[in-house]
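Welcome, and please open the structure in your viewer. We will go from one selection to the next and look at what is there.

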Protein chains: 2
Amino acid sequence: MHRTHTCGELRAANIGQTVTLAGWVQRTRKMGGMSFIDLRDRYGITQIVTDEASSKELNDQVAKLGREYVIKVTGEVCERQSKNPKIPTGDIEIKMTGITILNEAQTPPFTIEDESDGGEELRSKYRYLDLRRAPLKRALELRHRMAHEVRNYLDEQGFLEIETPYLIKSTPEGARDFVVPSRMNPGQFYALPQSPQTFKQLLMVAGYDRYFQIVRCFRDEDLRADRQPEFTQIDCEMSFVEQEDVLNVFEGMMRTLFKKVLNVDIPNPMPRMSWYDAMDFYGSDKPDIRFGMKINDLTSDLKGHGFSVFDSVEYVGGIVVEGASEYTRKQLDELTEWVKRPQVGAKGLVYVKVNTDGTIKSSIDKFYSPEELKAVADKCGAKVGDLMLILCGAKRKAQTMLGVLRVEMGNRLGLRDPHTFAPLWVVDFPLLEWDDETNRFYAMHHPFTAPKPEHMDLFYSNKKEDLERVCANAYDFVLNGTELGGGSIRIHNADVQERMFEVLGISKEDADYKFGFIINAFKFGAPPHGGLAFGFDRVCALFGGQETIRDYIAFPKNNQGRDVMLDSPSKIDDVQMDELFLKSTYVEK
Amino acid sequence: MHRTHTCGELRAANIGQTVTLAGWVQRTRKMGGMSFIDLRDRYGITQIVTDEASSKELNDQVAKLGREYVIKVTGEVCERQSKNPKIPTGDIEIKMTGITILNEAQTPPFTIEDESDGGEELRSKYRYLDLRRAPLKRALELRHRMAHEVRNYLDEQGFLEIETPYLIKSTPEGARDFVVPSRMNPGQFYALPQSPQTFKQLLMVAGYDRYFQIVRCFRDEDLRADRQPEFTQIDCEMSFVEQEDVLNVFEGMMRTLFKKVLNVDIPNPMPRMSWYDAMDFYGSDKPDIRFGMKINDLTSDLKGHGFSVFDSVEYVGGIVVEGASEYTRKQLDELTEWVKRPQVGAKGLVYVKVNTDGTIKSSIDKFYSPEELKAVADKCGAKVGDLMLILCGAKRKAQTMLGVLRVEMGNRLGLRDPHTFAPLWVVDFPLLEWDDETNRFYAMHHPFTAPKPEHMDLFYSNKKEDLERVCANAYDFVLNGTELGGGSIRIHNADVQERMFEVLGISKEDADYKFGFIINAFKFGAPPHGGLAFGFDRVCALFGGQETIRDYIAFPKNNQGRDVMLDSPSKIDDVQMDELFLKSTYVEK
């Protein structure tokens, strides 16, 4: 071993000991006849000193050191004259008696500090240097701790981690598969799994009644910001359970993680909200309940007063922004422009101010009396000094816009502290979603989600409006306005599964080709089962108080799906193309 | 929850309780007016009974049940009249008061018993049914337990599990890569990792001084028996270490696994053997040391006596098979044929019997006096009643043949009990292997393995014989004649790494193209580091006392790399091919 201790380990109690440390030179400085080295490793920073009395050889060696040199230092632990209370090793320093340069280092292209001077592109290219920075180190340490606690909890609950294959069958449903040409089976391809969904259901059929896996998944989607082509899931499934059992086990898991990793207590039981309430009151299926500002349905209050904008729509709703009645004309205009951006899509914004002098001021004064507006304000709980913001349109669309506006106002008012945690189960999702464009139903979760038993009659109806009313025992775990996981009780009956494919407009032939093995498996004694999956990258990021997942992945890809460090993907040579019986038809521009 | 208890849980202490169990019907039988159901789940089997006094409805339901039906049963726990000491629940039975058929089952195509009547192909197709059998369930439970203990141990030792990417860069070195066409980067491919080797070294450069990962790896090789295109590795790397440190940590890991999973104590310290001794005495770089039967070098004893077969070769060696002097002519002929098969490749087999009457009988009596043969027997420790088997040829080749023969004789003599465990470190491997065919050196481990510091001069020599003498601080973990893992101290210096590529005949341009990022990384302060990887599938199989890994993988592929359950790989549709800018050139026959 090239060291006796790490750079984060030594304390006053070690004074007098002779130790050897190894690590990277964070910085060196000379003060008079003394030289100082800040030596860094994964565990911390320790100060190394030489003085004039030290041998010329030692001082010469120190003079040679550059940033990020790797050195090994031997010396005596001494009490520091000017202690540094900011670091755990700040009481001591090492009076150096020997030094070995283990490796030199070119000057890194950006500073290895908490806040680096390097741009994202540059830091990505030298990811191995970026990973030396403390915030990334903390992120990966957190991730390790999270994975370990997840495994401990699920193991204690009797779950088995079972590895499922990565080279599977392509089933073009949902997102695009990444495919892998098979050399031994020419002309044929494996697919990389978008999730182990079918395998975990087969494991239930096989009797492994508590399965989990922390597993990589792959989706060849056009990458939006903060999406990765490969991502990690905590994937779970249980047999002989109902929704309540699944929620209890995984509420327990999240509670354990919050407690063990962050020492945070979350409400017990965790709040639950139906999908319908989430949409009606938060305009989102993943409400951020760190703050109130609920949406109020004002349709019956504001329609029919001669204001044609409201009279012509299905729905009018509003939120109350506390203490914002002093918003200026300019601020309100800016907000109006903000909601009119295509990302939100509103046609305009109506406001009602409850001024501090008790009067009401609104952009729709012409159409409503002060008493009418006061009644609306009272209904919504708007107090003196508050501002109401009102949007209208088709019901779910208008609610969604209000939901976006609500989050924006939450941000502007500082109500969304990333270190405050408000978890929530959203339950009772509709089973199906109608798409006007393709004129068919899509599964809201996925085609293996079961209708609620009490909705089975509706599920076998051929009326669109009946099918729209079918609900599922499906559930999402939402934290601070982000969906971290979701799942459902599954179909375990071959007939119901076939009906599902029928409702989704998947032909029997197609269903057989793509999902034949699972429909078949259901015929040999499938138990009732259900489960869920968490997006592990995002769980880690939110626990770390961050919005983006990139820092929680050791080697992420950029928005073009490229690894700029590896310069990958890249061309492969013709021999390999020939072996795979493949030809590229791409013509470079 | 569809149950109050599992089928493996109830004991005499539960007598009198009303319980609900759920599971699969293992079998039903009628005896007089009574019906019995053996109900099975992951945890065990519980006997359910009805009698004539039970309602007609109940008895009618029971009459409907077929094998593998999924049912839920309520009843009272009663003491069993004829107890079954073979199963943990054998003291009790459930007197059924209610039953629900949760799902019917078609008759499975093979029996779900410890020994099934189904052939391998059939069981593979219905893997989800095969997985219901107890031996497979035990295998997957063992695997879960192993992985969990590995993680606990390494976490306690300060290792971080860090996930590395699966979509990486193709580096056609060693085995073939599986590749993944990129739709967003047309004409370009990712590769699936053969191992996270370069990533773990980059993590060392990044300062994560104790890394591990239980990780899937991929190799597109022609599949020999018991090889899988995807397999799982316990992958580890450490910084600021020397060989001794790595061996200590992972010897500790294996010791912990043996103790915690099997309650087996392995020698402390574990035996070590140099690669040279392994070859000389066992004819294998992965000796099975559960038994002796070492190889004896008889070259100087048997050459030069006028027996032209021996006189014309480099090496003569033999093993002593204890108590086998009574082998008949027929047995010896069969053995001779056995060593002449191409898998062994010997030209013939010489025997020397030390008969129970003290006389010597040999196939080379003509060329050697009884005294000479007696001297050879004495030198090898052959006692009265023993049989010596002698092969000759080029030294390493003959030793390898003797090694294969030794293992075969070990099998025949029953010296290779799979539940006896003899772990071993093989150390001091040569760095390089000369290949006559391609007229170049290959890395014995891989091109990142460092020469021993004391052999650095030889490493920079241009003489073939010098380079052949260079050793590495490389090590293999061997258990019962199987290599379960291996690793080395790595090169951490860019110049040495470039020299390595030069020795391997990889041009600078090629090295830069394929490994540029790691050579570059070494220029920014790489610490001394080393590590190893274990083949996790095989570790599990050997712990389970099995030779083949298939039962320790939930969904394995067959020898053609096919998943016969999924019928994968398979064709993908033209739209997807077009999106990937790919055309298949394969013409079906």
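Two residues are in contact when heavy atoms of theirs lie within 4.5 Å. Keep in mind on this tour that the model is predicted.

**Stop 1: where the chains meet**

Colour chain A and chain B separately, then select the residues of each that touch the other. You should find 130 residues of chain B in contact with 130 residues of chain A. The size of an interface is often given as the accessible area lost when the parts come together. For chain B and chain A that area is about 11,700 Å², and carbon and sulfur atoms give 57% of it.

Next, how many salt bridges does the rule find across the interface of chain B and chain A? There are 18 salt bridges. To see one of these, show the side chains of B:Glu161 and A:Arg151, which meet at 3.6 Å, N to O. Polar contacts can be counted too: 85 residue pairs make them between chain B and chain A, with both residues at pLDDT 80 or more.

Now select residues 134-156 of chain B. This is helix 4, which gives the most to the side of chain B that touches chain A, with 11 residues. Colour that side by class, and 65 nonpolar, 31 polar and 34 charged residues appear.

**Stop 2: a strand pair across the chains**

Select residues 582-584 in both chains. Strand 23 of chain A and strand 23 of chain B run antiparallel here, joined by 3 bridges. Within this pairing, A:Ser584 has B:Leu582 as its bridge partner.

**Stop 3: a covered strand in chain B**

Move to residues 474-479 of chain B, which make up strand 20. Is strand 20 mostly covered or mostly open? Mostly covered: 6 of its 6 residues are buried. On one side sit B:Ala474, B:Asp476 and B:Val478, on the other B:Tyr475, B:Phe477 and B:Leu479, and both faces are covered.

Add residues 423-427 of chain B to the selection. This is strand 17, which runs antiparallel to strand 20 of chain B with 5 bridges between them; B:Trp425 is partnered there with B:Phe477. Then add residues 482-489 for strand 21 of chain B, which pairs with strand 20 of chain B in the antiparallel sense over 6 bridges. Across that pairing, B:Tyr475 stands opposite B:Gly487. Strands 20 and 21 of chain B form a hairpin with 2 residues between them, and in the turn B:Asn480 has a positive phi of about 55°.

**Stop 4: an open sheet**

Still in chain B, look for 5 strands in the order 12-13-16-14-15, an open sheet with antiparallel pairing. Strand 12 (296-297) and strand 15 (360-362) of chain B each have a single partner strand, so one side of each is left without a neighbour in the sheet. Strand 12 of chain B pairs with strand 13 (residues 315-321) of chain B over 2 bridges, and B:Asp297 has B:Gly317 as its partner.

**Stop 5: an enclosed helix**

Select residues 197-205 of chain B. Why is helix 5 of chain B largely enclosed by the rest of the structure? Because 9 of its 9 residues are buried, among them B:Phe199 and B:Lys200. Its cover includes strand 1 (18-31) and helix 3 (127-130) of chain A, along with helix 16 (508-521) of chain B. Just after helix 5 of chain B, B:Gly207 takes a positive phi of about 95°.

**Last stop: an exposed residue**

Finish at A:Arg329, in helix 10 (residues 329-340) of chain A. A:Arg329 counts as exposed because its relative accessibility is 56%, and exposed means over 50%.

Terms used. Residues are numbered from 1 along each chain as its sequence is written. Chains are lettered from A and ligands numbered from 1 in the order in which they are written. This is a predicted model: local features need pLDDT of at least 70, side-chain atom pairs count only at pLDDT 80 or more; totals for chains, interfaces and linings use all residues. Side-chain values use heavy atoms; hydrogens and water are left out. Buried area is the accessible area (1.4 Å probe) that two parts lose on being put together, summed over both. A salt bridge is a side-chain nitrogen of Lys or Arg within 4 Å of a carboxyl oxygen of Asp or Glu. A polar contact is a pair of N or O atoms within 3.5 Å; within protein, one must be able to donate a hydrogen and the other to accept it, and residues adjacent in sequence count only if both atoms are side-chain atoms. Helices (H or I, at least four residues) and strands (E, at least two) are DSSP runs, numbered from the N terminus. Ala, Val, Leu, Ile, Met, Phe, Trp, Tyr, Cys and Pro count as nonpolar, Asp, Glu, Lys and Arg as charged, and the others, Gly among them, as polar. Two strands pair if DSSP finds at least two bridges between them. Buried means under 20% relative accessible area, exposed over 50%, partly exposed in between (1.4 Å probe, protein chains only).
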